[in-house]
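Visitor: I would like to learn how to read a structure feature by feature. Could you guide me through this one?

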Amino acid sequence: MQTLLFALEVSLNGFMTGILYSLVALGFVLIFKASGVFNYAQGVMVLFAALTLVGLQQGIVPFEHLINNLFGTSIHGFGWNMPTLLALLLTLLTMLLLAWLVEKLILKHLVNQNPVILFMATIGLAYFLEGFGDLMWGADVKKLDIGVPMGISDTVESTTYDWFGYGFFIDRLDITASIVAALLVIGLTIFSQYSKTGRALRAVADDHQAALSVGISLRQIWVIVWSIAGLVALIAGIFWGSKSGVQFSLSLVALKALPVLMLGGLTSIPGAIVGGLLIGVGEKLFDFLVGPMIGGATENWFAYVVALVFLLFRPQGLFGEKIIERV
Amino acid sequence: MNETEVTDKVDTLMDIKKVTLRFGGVKALSDVSFNIKESEIRAIIGPNGAGKSSMLNVINGFYTPQEGEIWFQGKRRPKLKPHQIAYQRIARTFQNIALFEGMTVLDNMMTGRMIYMKSGLLPQLLWWGKAEREETENRMIVERIIDFLEIQHIRKTPVGMLPYGLQKRVELGRALAAEPKLLLLDEPMAGMNNEEKEDMCRFILDVNEELGTSIALIEHDMGVVMDLADRVVVIDHGEKIADGLPDQVRNDQNVIDAYLGVAH
């Protein structure tokens, strides 16, 4: 009984982490569906969004180290803290601007190129954005606090104690993240199902030529999907950043999104969500149940092994389209 | 300006003048000229690989010819992107059906209304009055086309699940939803059985007669072409070899040679 309750608690925690994996994977899927580009920079976009948010909020002067070194000045911040809401809004605008620039400076010039070339371009974008973020806001680890409730939830603990005689430890940050992520996914689904632009997005995902023939501008759609991916990155950045601080390792979250994509399928939005949850719960449960027998620390590799198994036996993932090549 | 020129302009919807299209060293079209009049059904025929589809792709902007001009509604058309040409109310179907397979019949046809829907992103996000009104108005037009094409029973079916003949009909519906001035049909009857072909012929004739839509179509079935077309242009090896009424073209020696494969 006790073990079962432990397992349940572990699963719940895994579920919450899984939601964050799903969010990052969702960013990949959105861009891949609309433009066939595997956006290597998605993880760095998460980092960049979080960095910008912290930087703005803490009143850091952009490029202050650079300015100080070039001109011998000693600027250290504006000396004020920006209201959280304003900082959020400005960060969102930054992400929209980034989407617009990506289209203008990169995608536009690579239309009709081989997908590998576009993939390479996003690798370039990732390294550029990583360096640019550091240069702009500084490379030190930053604490992100925008007032999201944190710490172990007493309500959950006491309620579960009343029910099972055992209190679950669940972080309030994880609960909030789950709710926000769920709302985001519902919002995106409604938008894509019931609006003109959503319909255009789905059309482009299905068939580029046909979409052009009915008057849909691919470039406009690309700006929109990259903007949505930027929004998703910002939300992932907020929760992941609040959890573990804003620093370079944040961009490595994207590495965990890769097995999620293998599992869920690169072209499926429900796949990204289910895949994220399965990996999140799976790695925690595996570590809890099997970990002690084989020396622990299984969380580091479990997801990748699952991905490898999927690549062998079901390469299109759980929900992805089967790739059939006509010969 | 003399009088014939004026009447000619009113009468002619599209004038294709000396169009040459090259892919690297290969000439897909060389020096092709013909026109499409208001409210006529114009067939483009020719053997496989003659350049017929290339011609349609030039008209709707997928390909930009290296030489030649395209005049539309009395004006020379500048170099435009395909989605901009859609806004000039030139709609098309594809040889290998190009529908949005994951979407329902209704959604597919609603994409045909894209050029009439102008509400911005923010009103759409919040479903403000204008976006909603626009959606309803356009939906009504699409429903009329659905009735016309007799596909009410599959309105909510994802297109990928439909049989081939119905998919072809939905694709025609999507093009019609744009209320086109010029409708381009790339082999609308390919792969259909006789009954389906008859239905498709009837729809094409009805569209042309009731709405006065000009239609340019590529078709292999000679019987169909002779029945449907007002005028026929024949392309072979990227060159125009005949142009005229169906009966004239059928008896033209060049055309017979091209189809029978006589060596040049």
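Visitor: What sign does phi of G165(A) take, just after α6(A)?

Guide: Please keep in mind throughout that this is a predicted model. G165(A), which comes just after α6(A), takes a positive phi of about 75°. The helix before G165(A), α6(A) at residues 154-164, is hardly covered, with one buried residue among its 11 residues.

Visitor: Which helix of chain A is mostly covered, and what do its buried residues pack against?

Guide: A residue counts as buried if 20 or more other C-beta atoms lie within 10 Å of its own C-beta atom. In α8(A), residues 196-206, 10 of the 11 residues are buried, including K196(A), R199(A), R202(A) and D206(A) as well as L201(A) and V204(A). Within chain A, the packing partners of these buried residues include α1 (2-35), α7 (172-194), α9 (208-213) and α10 (218-244), while from chain B they include α4 (105-111) and α5 (121-126).

Visitor: How many residues does each chain give to the contact, and which elements of chain B take part with two or more residues?

Guide: Chain B gives 26 residues and chain A gives 18 residues. On the side of chain B that touches chain A, the elements that give two or more residues are α3 (82-87), α4 and α5 of chain B. Of these, α3(B) gives the most, with four residues. By residue class, the side of chain B that touches chain A divides into 15 nonpolar, seven polar and four charged residues.

Visitor: Which residues touch the most other members of the largest nonpolar core?

Guide: In this core of 165 residues, they are V46(A), A50(A) and V225(A). The largest share of the core comes from α10(A), which gives 17 residues. If residues up to four places away in sequence are not counted, V46(A) touches, among others, V24(A), A233(A), A236(A), W240(A), L250(A) and V253(A).

Visitor: How should I follow the strand pairing of β1(B), and with which strands does β1(B) pair?

Guide: It helps to take one pair of strands at a time, noting the sense of the pairing and then a bridge within it. Strand β1 of chain B, residues 12-23, pairs in the antiparallel sense with β2(B), residues 26-37, over eight bridges, and M14(B) has I36(B) as its bridge partner there. The hairpin of these two strands has two residues between them, and G24(B) in this hairpin takes a positive phi near 60°. β1(B) also pairs with β4(B), residues 67-72, in the antiparallel sense over five bridges, where the bridge partner of K17(B) is E69(B). From β4(B), two bridges lead on to β5(B), residues 75-76, which runs antiparallel to β4(B), and W71(B) has R76(B) as its bridge partner.

Visitor: Which residue takes a positive phi in the hairpin of β4(B) and β5(B)?

Guide: Most residues other than glycine have a negative phi. In this hairpin, with two residues between the strands, the residue is Q73(B), which has a positive phi near 50° and is not a glycine.

Visitor: Why does Q73(B) count as partly exposed?

Guide: Q73(B) counts as partly exposed because it has 16 C-beta neighbours inside 10 Å. A second case is H237(B), which lies in the loop between β9 (231-236) and β10 (239-244) of chain B and has a positive phi of about 50° although it is not a glycine. H237(B) is partly exposed, with 16 other C-beta atoms within 10 Å.

Terms used
Residues numbered from 1 in each chain as written. Chains lettered and ligands numbered in written order. Predicted model: local features only at pLDDT ≥ 70, side-chain atom pairs only at ≥ 80, totals over all residues. Pairing = 2+ DSSP bridges. Buried ≥ 20, exposed ≤ 12 C-beta atoms within 10 Å, placed from the backbone. Contact = placed C-beta atoms within 7 Å. Nonpolar A, V, L, I, M, F, W, Y, C, P; charged D, E, K, R; others polar. Core = buried A, V, L, I, M, F, W, Y, C linked by C-beta atoms within 7 Å.
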